[in-house]
Structure formats: structure tokens, C-alpha cells
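Reader: I'd like a close look at the backbone oddities in this one, please. Start with the overall layout so I know where I am, then walk me through the unusual torsions.

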Number of protein chains: 2
Amino acid sequence: MRISTLSIGDELICGEVADSNVSTIARALMEQGLRVLRHITVGDSELDIMSALADLGRTSDAVIVTGGLGPTADDLTTRAAARATGRRLVVSEEAKSHIRQMSGKLATLIVCPLSDKQAMLPAKTTLIPNPTGTACGFQLMHNNCFMFFLPGVPSEMERMLHDSVIPFLGERVTRKRIIRSAQLNVFGPCEAEVNELLAGIARPDQGLQMGICVTFPWMRITFRAEADSEEGAEALLLPSVQTARDRLHGYIFSQGTDTLDEVLAVLFRESGLTLAVAESCSGGMIAQRITDLPGSSGYFLEGQVTYSNGAKIRTLGVAVKLLDEKGAVSSEVATAMAKGVRRVSGSDLGLAVTGIAGPDGGSEDKPVGTVFISLAAPDGCWTKRFQFSGSRNEIRIITSWTALDWLRRYLWQRAAAR
Amino acid sequence: MRISTLSIGDELICGEVADSNVSTIARALMEQGLRVLRHITVGDSELDIMSALADLGRTSDAVIVTGGLGPTADDLTTRAAARATGRRLVVSEEAKSHIRQMSGKLATLIVCPLSDKQAMLPAKTTLIPNPTGTACGFQLMHNNCFMFFLPGVPSEMERMLHDSVIPFLGERVTRKRIIRSAQLNVFGPCEAEVNELLAGIARPDQGLQMGICVTFPWMRITFRAEADSEEGAEALLLPSVQTARDRLHGYIFSQGTDTLDEVLAVLFRESGLTLAVAESCSGGMIAQRITDLPGSSGYFLEGQVTYSNGAKIRTLGVAVKLLDEKGAVSSEVATAMAKGVRRVSGSDLGLAVTGIAGPDGGSEDKPVGTVFISLAAPDGCWTKRFQFSGSRNEIRIITSWTALDWLRRYLWQRAAAR
């Protein structure tokens, strides 16, 4: 089944907002063994929408359209869909009653009264229910192409995609090819190094593709096997993934979709250890990433964002003399911070970071990007100097990654040693 | 000038990564009064790339292509470009020497050795220099359409776009229409409320478009005026923006591209006040957002991520009795945290947040999403209860927004009162 996607919105074509729906839809289809052939984005122009619908309709068996179904005047998708498929616009009683129902249910900070415009749909279409919002979706068949129209709000779109569109398509797919994929997530090495380590694994002629995707500061390596049967696809996929795992070893922080933060959370829960964090240049980013995950209160005791020297002295017990002699950005202060936060919080592990994220504050022997990371544990305390490069934000991000990956390796080795 | 964009990559069409290049390019073009007509994404398939190039080449005066120029085997753009435009692939000495030069310069954590593949370019093309990476870009003219090929790595792409592509296009544009745009950024009201407040301002028939873009949890309202002259466009734009400003008033946190965090940083610097933050459910997100900005060490003294009750008692001096009687998520504890962090840090302002981000931990009278925010200042202490809804992550995000927007309003009113 040839499937295409179409995103509609001036905010997309003018670059005001990044379009996350494209990847959400593509991912959901991949899970069904379906691939997106082509994606198009156009602005809120009736003619551009109509011409894109016509182009995709000609070459695809199904088109999934997102955006432009809202209550405001710049939302033109419904009208364009009607014109492109030769239908009249009619008031849908079903849509009306849905909107009435939803306006009762929703009572968040950002939801509000509604307009009748959203109850107008092209004639002879099937409503796609929207359980979390007011904009109704709809689907229709035009020249042997299924067309699905969903709102652009990512959470509403995703729910409707999974509840309605995917099951509908799934029933109609005559699965000739099975696609199985696996993903290894890697932090540390560069693209060319990974490429060299993995040389010879991909065999596109036999249906085994490999892709490396750099997503600063980490990398996702994807293997995709295509065969006539489930067994055939797995026979291609599994040994290749195992070879890649062996070669990349410690660089891999997860397989599948787990983030580094999620892996770390599991390791913490299994270890029974507790953690406290003292941050200077990363300014709370490490604590924020750790507490992003539910259940983190089970092992995360506290974070100290000790931006000023005063805070380092008062809350962590860093010696004034040390700060004066070595400077706030030094191996000695990082060590004192890690030990300090471990001591005052009573945690098992104390993690500390101090550095110069820039753009100012660098010197000849400690340029912007100089970062000290220290880990104080029951079995020792280790401190390491790093030299990162990039913008302030990039330095902060790579600092938090390096620190969290260090924790991952520590917990992983500890678990392996048992 | 009709401009289209084409993104290439299996990682995009399979949904493994969101494509930020589309919006970067569109924004840069908008600043030149140029609009993207259509965007297409295809995977790493030579035939799909060729057919997309042919389609866009037919209807556009310029096509900007990103992705697929890397050193790895799945990068096929160069070969597809050569075939689509009837050119041979040749080793470019210019590209070779660029690659040699760059490999010396680059010495970050993520940069590495190189392959010869990147020195192969289609014949009769002009090299587009890449000052920050090894993959060379190139441009060519085919059937009266300028085609630009840039690497997919966002930072490299952006630099080359601004250094080479935009100036090249700028020289060739015969500017018939002037586009001027303005942006108001709003936090607080819902889309329909904003729509109602702004009714009647847009006049698309006269060339004044208005768009509302919801980017959880805030909204961007864009005005775009199109006219024959600079003066004509401004005469359309400025009064409309002023009317919108008057009607939305306190909801607006910035005009243009400044984020809430940036606006707050300016207000802090102007006020001369210092800040300390105590966070429970937001887990460091507020401190992280504040310290994201250079110069924040001038007013941000420290952050305490007091996740455990022990940390609230020890580092903020919250009374054990209060925690026992009222619970950690209560108006009283929020107030004690704000006053506590202000006292121990010696800051002018103390901001505290305590709440239930979920998914667990809710009760009947304090369901998930219950958040108390407290601000302790020299002229008083205010605490407010909020009921947010959404996922754990959404609740944390809206909590940090609400807290930071409160700071903005406080500093803004203080400045206005002077």
C-alpha cells in the first residue's frame, strides 16, 4: 500500500513551528510494516492544498492529511478537501453533537468555547472521532485513494491516528512484505567511527538496510529487514543486530526507543541506590532530566543548583580556600561538590558538575567548554576534565549527557559485577 | 521567485527524527520576503529523490535540498542529483582540499576521520563551502531552476544557507512584493479566546494575514502584510499589531522572537534583583530554563530541587509539623519553601513550586495536576493554587511556564510603577 502524508499550515511553511506530526505518523505506519512514500507540506492556501491532494491522490493508495481543521478563519482544509473531491460542504449533525459533548468534558487551562465552523464537513464522508479535542476528523474515498483528515494538534492527531486510521488501514493491507526493525542508541563515538565499526553488516541487496542518524549529541543506528515472512525478516535482522551490539558494546545505552534517562531510571530502581546532584554550569538540567520520569522520587533525593560561590560554600561545604586557590571551575571544587552533596543529603551517590558554558568566562587555560564532572560513591570518588565545544546550549546539553552516561556506566558495571 | 524545499533521509520518512531544517530554511527565506511554495520529504532512495527533484524542478525557480551528503553508504543525494540532471560524478579537487583542511580544524568530541566519497560531486557544479563540517554542499542550474544541495546536520546546513544560498538568491530576486511580518507571543488564554479578542483585525483581501499557532503551552500570533512597497506593508502591519497589543495586553510576553525566558532575563538585569528557586514537582526545570541564558549568574543565586521531605526540612527550613499536618503539596509548604529559599540564599526574590506531576500520587482533594506556586518578595509573599491537566511532562512544563510568567508580571509591574 502506497501511503503519503500531507501537512497543512502557514505556520509550517513559514517556519514558525516544526512539524512533529510527520514523524509520528511515519513511526506508527512503520510498526504496521507500512512506509511513507512521500511527504508534502503546503501553507493555508486553498489552491495549494487542492493541488497537493491531487498530486498525492494520483500516486498513493492512502493520504493522511493533518492541520487546518481548527475553528479559526485561516483553517481551510475542510473547504479545500470538499472542492478537491467534488463534494458540497454540509453541517454534520454527528460533528455538532460531538462538539457539544466535548465542550462539556474539557476543562483544562487552554480549552474554550467553540464555533459552528468545525461542524461543517464535506458531504459523504465518515467522521473520525476526536476523543480529546473539539476538531472532528473525517475520511473519504476519492479516485480509489483513501483520504484521512486529522487536526494538526499533535496529541489529538496521534490519538485519532491510533484509534481510527491505523486500524482501518491495517484491515485493508494485504501484507506481502514484512518489515522488522531494530534500533541501537549510542553515545560517545562519532559517525565515521560508528560507520567503520559497523562496516559490512548492512546487506541492502538481501533486504537488510542500516541507517545512522546523528541526533546531537547521540546517534541512532537503525536496522531494517524486509522479507516475505516474519521468520525471514527476523533471520536477517537478529544476527546483524547482535554483531553490531558486540562491536559497539559500551557505547550503546539502549536498544529500541528507551532514552538514556529512562535506562538510567531503571538502573537506579534496580540498584536501590540514591542520588543527589550539585550543578553549576548545567544549571538544573541534570536534575530536570532525572525528575522528568515518574518514580524518580524513589532514588533522587535532591539537586543543588549552586550557581554562586556563596551557595557552593553554604549548601555543599566547599572550602573558601579551595575556591580562592583553584577557582570554581576546577577538579578540586568538582570533587568537593560531589562529596559535599553526597554528605549533606545522605545519598549513596553524589554527582557534581562545574564548568564554563560560555559565551563569556573562558580563559587561556580554562577556555569555554571546560567542564569538570565528579562522581562520589561508596567505593570511591572520580573526577574528570572534559573539553567540549559548541554553543552555550550545546555545551550544557553535552555536559548533562556525559554526566548521566557516566552514571549509567557506573550502575551498569556495578550490576554486572554482582 | 517560486522556491521549494526537499528533505532527504530514511530517518525522516521513517519518523525516527523530526526535520528541523524545513522551518529553519522557511524562516530564513521569509526574512528576505520569500515564501516556500511546497516542501517534500522522501527517503534514501535514488529513484524517489530523482522524481522529487524532477517534480519540484518543474514548478519552482529554486529548490533547496538537505540531507544525504554524509560519508555513509545510505547517503545517496549526490548520485541522485547527478542522474536527475544528466551529469557525471567526478572527484572535486576543491572538495578534497576542503575536507583535508576541515579534518585538521575540527577537534570536538563528535568529529572524526573522513571518507573520499564526500569529495565526489556532479560535474559542472559550484561548491558551497561548509565552514563547520566536512560534507561539502554544491549548487547547479538545471532547466532554469537553481538547485542547492546542503548537508542535513542542522548547524552546518544553517551556516551554509546564510553564508551562501540566501545571498545568492537575494541578488537574483526581483522584488515585486514586500512582505513584512510581526509576531506576538502570548501565554494564558486559549485559542478561541484569542481569536475572539482579535476579531476583525485580519484583512486578507487587503494583504494583511493573521495566523494563530498553538505551541503548547503558549501561542504565537503572526501578522503578515504584503504590499508593493516597504511603506505600504508597514502601513498595513503596524496599526494592526498595535490594536492586537492593546486587546491582548497582559497576555503578551514578547513581540518578535524573544522567548519568555529571554524577556525574563532582561527584566531581571534591569531590576537589579536576585532570585533563588525551590522546586519540587518541576524538578529543576525552572532553574534550568533560567540558567539556559548567558549572564544568568548575575541574578540567579541558586536553585534547590527539594524532592524529598528531608531536603525541604534541611535546606529550606520547612517545619516538620507543617509537612505532617498540611502535606508537602500545600499552600503552607509552598509559602514556607519560597520564604525559606529567599532567607537561606539571601536573594531578593524566592520562588517555590510544589505539586503532583503524576501519574501517581494524586488524591481526591489533591488530584494529579494540583500545583502550588509561591513568590516571596521584599514587598510581600503570594501563594496560589493551580489545577493543571495533561501528562506528567505537560504538567511540569505548564508549571514552569506559569511560575516564570508570574515572575515576568511581577518584575514588569514593578518596573512600570517606578
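Author: Here is the layout, followed by the unusual torsions chain by chain.

Keep in mind that this is a predicted model. Chain A has 418 residues, and 50% of them count as buried. Its C-alpha atoms fill a box of roughly 80 × 55 × 40 Å along the principal axes. In secondary structure, chain A has 14 helices and 17 strands. If you look at contacts in chain A between residues at least 6 apart in sequence, 65% of them join residues at least 24 apart.

Chain A is split into domain 1 (3–172), domain 2 (178–255) and domain 3 (260–417). Between the centres of domain 2 and domain 3 of chain A, taken over C-alpha atoms, there are 32 Å. Where these two touch, domain 2 of chain A puts in seven residues and domain 3 of chain A puts in nine residues. On the domain 2 side of that contact in chain A, you'll find five nonpolar residues, two polar ones and no charged ones.

Now for the torsions. As background, most residues other than glycine have a negative phi, and most peptide bonds are trans.

Let's take phi first. Asn143(A) isn't a glycine, but its phi is positive, near 50°. You'll find Asn143(A) in the loop between strand 7 (137–142) and strand 8 (145–150) of chain A. Is Asn143(A) buried or exposed? Asn143(A) has 9 other C-beta atoms within 10 Å, and the cut-off for exposed is 12 or fewer, so Asn143(A) is exposed.

Over in chain B, Asn143(B) has a positive phi too, of about 50°, again without being a glycine. Asn143(B) sits in the loop between strand 7 (137–142) and strand 8 (145–150) of chain B. Asn143(B) counts as exposed because there are 9 C-beta neighbours inside 10 Å.

Next, the peptide bonds. From Gly358(A) to Pro359(A) the peptide bond is cis, and its omega is near 0°. For the location, go to the loop between strand 15 (349–355) and strand 16 (370–377) of chain A, which holds Pro359(A).

In chain B, Gly358(B) and Pro359(B) are also joined by a cis peptide bond, with an omega of about 5°. Pro359(B) is in the loop between strand 15 (349–355) and strand 16 (370–377) of chain B.

If you want to place the chain A features by domain, the bounds to check against are 3–172 for domain 1 and 260–417 for domain 3.

Technical notes
Residues numbered from 1 in each chain as written. Chains lettered and ligands numbered in written order. Predicted model: local features only at pLDDT ≥ 70, side-chain atom pairs only at ≥ 80, totals over all residues. Domains from an automatic or database assignment. Nonpolar A, V, L, I, M, F, W, Y, C, P; charged D, E, K, R; others polar. Helix = DSSP H or I, 4+ residues; strand = E, 2+ residues; numbered from the N terminus. Buried ≥ 20, exposed ≤ 12 C-beta atoms within 10 Å, placed from the backbone.
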